[in-house]
Amino acid sequence: MLMLKKILIALALATLSVATVHIFSQNQQFNTPKEVNLDNPQPVAKEPLLEYGIPIDSFIVTNHTIKRNQTLGSILESLNISGEQIRELSAKAKGVFDIRKIRAGNSYRVFTKPDSTATVEYLVYEHSQVDYVLFHFSDSLRVSNGQRKITPTTRISEAEISSSLWEAMSTYNLNPVLALDLSDIFAWTVDFFGLYPGDKFKAIYDELFVGDKSVGIGTIHAAWFEHRGEKYYAYRYMQDSTWSYWDEKGNSLRKTFLKAPLRFSRISSGFTHKRMHPILKVYRPHTGVDYAAPEGTPVVALGDGVVIEKGYNHAAGNYVKIRHNSVYTTGYNHFSRFGKGIAKGVRVQQGQTIGYVGKTGYATGPHLDLRFWKNGKPINPLKVEAPPVEPISEDKLDLYKQSIARYQVKLDSISLRPVFPSQNAFAHF
């Protein structure tokens with residue numbers, strides 16, 4: 001009996017040993033790294049470098065510039081593309097791109113096979129900094145439009161004006177398109193024809209880049225403009241499915257009337273009841289404001305309304321008169337020509353082009369004579385106080401203030417750093 005117990009114990013121990021060895025060998029199999037041959041490492045797969053959707057490291061790429069009077073046909077001929085292929089390509093381009101509209105000075109790139117045949121596989125014409133046209137020669141002749149990847153970078157820019165908004169953009173090395181966008185946002189509150197030295201602005205906006213090249217201005221999220229010592233705020237916010245700009249209290253920046261009917265001009269003559277007429281040489285009232293501007297400058301309607309007169313007379317030349325409501329009417333004189341579709345009885349929208357600066361009628365040079373009537377009585381256009389449109393609704397006002405809080409902090413923070421002429425006056429947001 002004792003002998004039987006010893007045998008059973010011995011068998012149990014042997015079984016346990018075998019199991020332990022098996023488990024240890026399994027763990028070693030999982031935990032021990034695979035053997036690596038350091039003398040002959042395995043190559044790591046490299047991602048192809050794509051541009052315009054083409055793996056450019058698989059081709060020989062040459063860069064060119066469209067020369068004056070050069071056509072796409074002559075370019076393709078120089079690349080040994082047959083006349084039959086050129087005709088077929090022209091047919092395929094219809095509805096995609098008008099090949100007659102390639103512009104001198106624009107770039108194009110040619111992709112050829114890296115072998116003795118040097119066969120052209122692709123040609124890319126850069127229509128703008130963003131848009132391009134891709135001509136395929138590889139499998140079958142095709143033409144397609146494309147856009148390069150645009151990356152927005154949010155920035156904060158600030159500048160002080162010494163003479164004009166344009167000059168400030170140049171001095172502080174900012175994108176001039178920012179000036180146009182700011183003038184649109186603050187068109188109802190800031191008189192851009194009467195900017196003072198010392199006026200300032202600060203803006204939080206997206207600058208758009210293709211690679212490391214700036215291609216424009218995207219969304220302006222928030223800004224303030226200090227004009228004659230008074231600071232005006234603007235915050236972008238959506239109400240009733242429409243994006244617009246509002247001040248810090250939730251009032252709309254959009255007023256019934258624009259401050260001026262054309263951009264970046266100068267006032268050559270003001271509102272007066274006694275002025276020497278430059279042609280008639282007699283003193284007579286000038287119940288309007290003259291804006292001197294180059295001939296052909298677009299003139300826009302100061303507000304929504306209906307055209308009640310369109311015509312010509314010896315004094316005003318080509319003119320348009322718009323009734324905005326039961327109180328206000330505006331008039332625009334000396335047009336060189338009228339805007340598209342402008343006719344008596346037509347409803348126009350604020351900012352719509354209604355004509356172009358000219359010198360018709362009694363005018364010594366190209367300018368716009370703007371007239372303003374309140375209840376039929378002429379008033380000074382520069383002193384009109386236009387009522388605002390609807391503010392942020394009461395039930396959304398708290399949410400609005402919460403959404404603009406972070407922008408308020410940034411706009412009201414101290415200057416980012418000293419800004420000197422010719423330096424970039426911006427920082428990342």
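Helix α6 turns five residues into the protein interior: L397, Y400, I404, Y407 and L411 are its buried residues, where buried means under 20% relative accessible area, exposed over 50% and partly exposed in between, with a 1.4 Å probe and protein chains only. The model examined here is predicted, so local features need pLDDT of at least 70 and side-chain atom pairs count only at pLDDT 80 or more, while totals for chains, interfaces and linings use all residues. Residues are numbered from 1 along each chain as its sequence is written, and side-chain values use heavy atoms, leaving out hydrogens and water.

The buried residues of α6 pack against four strands, namely β9 (200–210), β10 (213–227), β11 (230–239) and β12 (242–246). Here helices (H or I, at least four residues) and strands (E, at least two) are DSSP runs, numbered from the N terminus. Helix α6 itself, residues 397–412, has a kink of about 45° centred on A405; the bend at a residue is the angle between axes fitted to the seven residues ending there and the seven starting there.

One residue of β10 helps to picture this region. H221 sits in strand β10 and is buried, with a relative accessible area of 18%. Leaving aside residues up to four places away in sequence, H221 touches T154, I204, Y205, D206, A234, Y235, R236 and Y407, a contact being heavy atoms within 4.5 Å. Among these partners, Y407 is also one of the buried residues of α6.

Elsewhere, five strands form an open sheet in the order β3-β4-β5-β6-β7, with antiparallel pairing. Its edge strands, β3 (60–65) and β7 (142–147), each pair on one side only. Neighbouring strands of this sheet are turned by 20° against each other on average, direction ignored. Two strands count as paired if DSSP finds at least two bridges between them. In general, strands of a sheet pair through backbone hydrogen bonds, either parallel or antiparallel. Within the sheet, β4 (residues 107–112) and β5 (residues 120–126) run antiparallel and are joined by five bridges, and Y108 stands opposite Y125 in β5. Helix α3 (residues 83–93) lies across β6 (131–136) and β7, at about 50° to β7; axes are lines fitted to C-alpha atoms, for helices over the stretch in contact, and angles run from 0 to 180 degrees between N-to-C directions.

For the protein as a whole, the secondary structure comes to six helices and 25 strands. Buried residues make up 39% of the 429 residues.
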